[in-house]
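Thanks for coming. I have one structure to walk through today, and I will keep it short.

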Amino acid sequence: MFDKFSKSALRVVFWARAEAGRSGSEAIEPEHLLLGVLAEDQGESGRAQEREALFWHEVSQRTIPQPRIPFFTPEQVTALRRILDVWPQPDTQLPLTDDMPLAQTTERILMAAQEQPGASLVRPLHILRALVNESAHDVSRVLIANGVTREQIDEQLRGR
């Protein structure tokens, strides 16, 4: 399933699995995927890549790559994390395992991310777009209510 996933999209799934374990869930749910997208969008891995790119620029004297610009505003991140922190969660924290299953909805979302036109390699924004498109799930409604639109995502995808 993950053959077409970029490193950053795989990190989204990794972060989602960590969030699922932290919350005590027995499966990776769509809300965990959203937390994974937020972590990748705002997280250290992106800043580490920027530092590496700047290092190689100094070594090779090539043009400095464009800095990575997060998709979400700080206000959106705060609002979304606040909403997801009160999402219903089991009382126990489960240990993190490599074989944590995907919930059916999550599996459908990840499959949809792979099937988007022009997505030869799945990136975190493809996962985010699939989350927004999953209108039957609360995560989609939360994203839309917090100003995340398909049009914004598509614009970002065309720009990258």
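I will start with the overall layout, then take one helix, the salt bridges and one helix packing in turn.

Please keep in mind that this is a predicted model. The protein has eight helices and zero strands, so if you read the elements from the N terminus on, you get α-α-α-α-α-α-α-α. Of its 160 residues, 43% count as buried. As for contacts between residues with a separation of 6 or more, 73% of them join residues 24 or more positions apart.

Now the helix I want to look at, α2. This helix covers residues 30-42, and its 13 residues should span 18 Å at 1.5 Å a residue. The end C-alpha atoms are 18 Å apart, which agrees. Is α2 enclosed by the rest of the structure, or open to the outside? It is largely enclosed, because 12 of the 13 residues are buried. The buried ones run through Pro30, Glu31, His32, Leu33, Leu34, Leu35, Gly36, Val37, Leu38, Ala39, Glu40 and Asp41. Charged names appear in that list too, including Glu31, Glu40 and Asp41.

One residue that meets α2 is Glu19, which lies in helix α1, residues 7-23. Glu19 is buried, with a relative accessible area of 19%; the cut-off for buried is under 20%. Leaving aside neighbours within four places in sequence, Glu19 is in contact with His32 and Leu35. Between Glu19 and Glu31, which are 12 residues apart along the chain, the C-alpha atoms are separated by 9.1 Å.

Next, the salt bridges. How many does the structure hold? There are five salt bridges, and I will go through some of them.

Glu134 and Arg108 meet through their side chains in a salt bridge, at 2.9 Å from N to O. Glu134 sits in the loop between α6 (124-133) and α7 (138-145), while Arg108 belongs to helix α5, residues 104-114, so the pair ties together parts that are 26 residues apart in sequence. On accessibility, Glu134 is buried at 12% relative accessible area, and Arg108 is partly exposed at 44%.

Another salt bridge joins the side chains of Arg129 and Asp154, at 2.4 Å from N to O. Arg129 is in helix α6 and Asp154 in helix α8, residues 150-159, so here the linked parts are 25 residues apart in sequence. Arg129 counts as buried, at 18% relative accessibility.

The next pair sits within one helix. Asp138 forms a salt bridge with Arg141, and their closest N and O atoms are 2.5 Å apart. Both residues lie in helix α7, three residues apart, or about one turn of the helix. Why does that spacing suit a pair? An α-helix has 3.6 residues a turn, so residues three or four places apart point the same way. Asp138 is partly exposed, with a relative accessible area of 40%, and Arg141 is partly exposed as well, at 44%.

Last, the packing of α6 with α7. Their axes come within 7 Å and cross at roughly 105 degrees. That makes α6 roughly perpendicular to α7. From α6, the residues involved are Leu128, Leu131 and Val132, and they meet Val139, Ser140, Leu143 and Ile144 in α7. What kinds of residue make up this contact? They divide into six nonpolar, one polar and no charged.

That is where I will stop.

Methods. Residues numbered from 1 in each chain as written. Predicted model: local features only at pLDDT ≥ 70, side-chain atom pairs only at ≥ 80, totals over all residues. Heavy atoms only, no water. Helix = DSSP H or I, 4+ residues; strand = E, 2+ residues; numbered from the N terminus. Expected span 1.5 Å × (residues − 1). Buried < 20%, exposed > 50% of the residue type's maximum accessible area, 1.4 Å probe, protein only. Salt bridge = Lys/Arg side-chain N within 4 Å of Asp/Glu carboxyl O. Axes fitted to C-alpha atoms, helices over the stretch in contact; angles between N-to-C directions. Parallel < 35°, antiparallel > 145°, perpendicular 65-115°, else oblique. Contact = heavy atoms within 4.5 Å.
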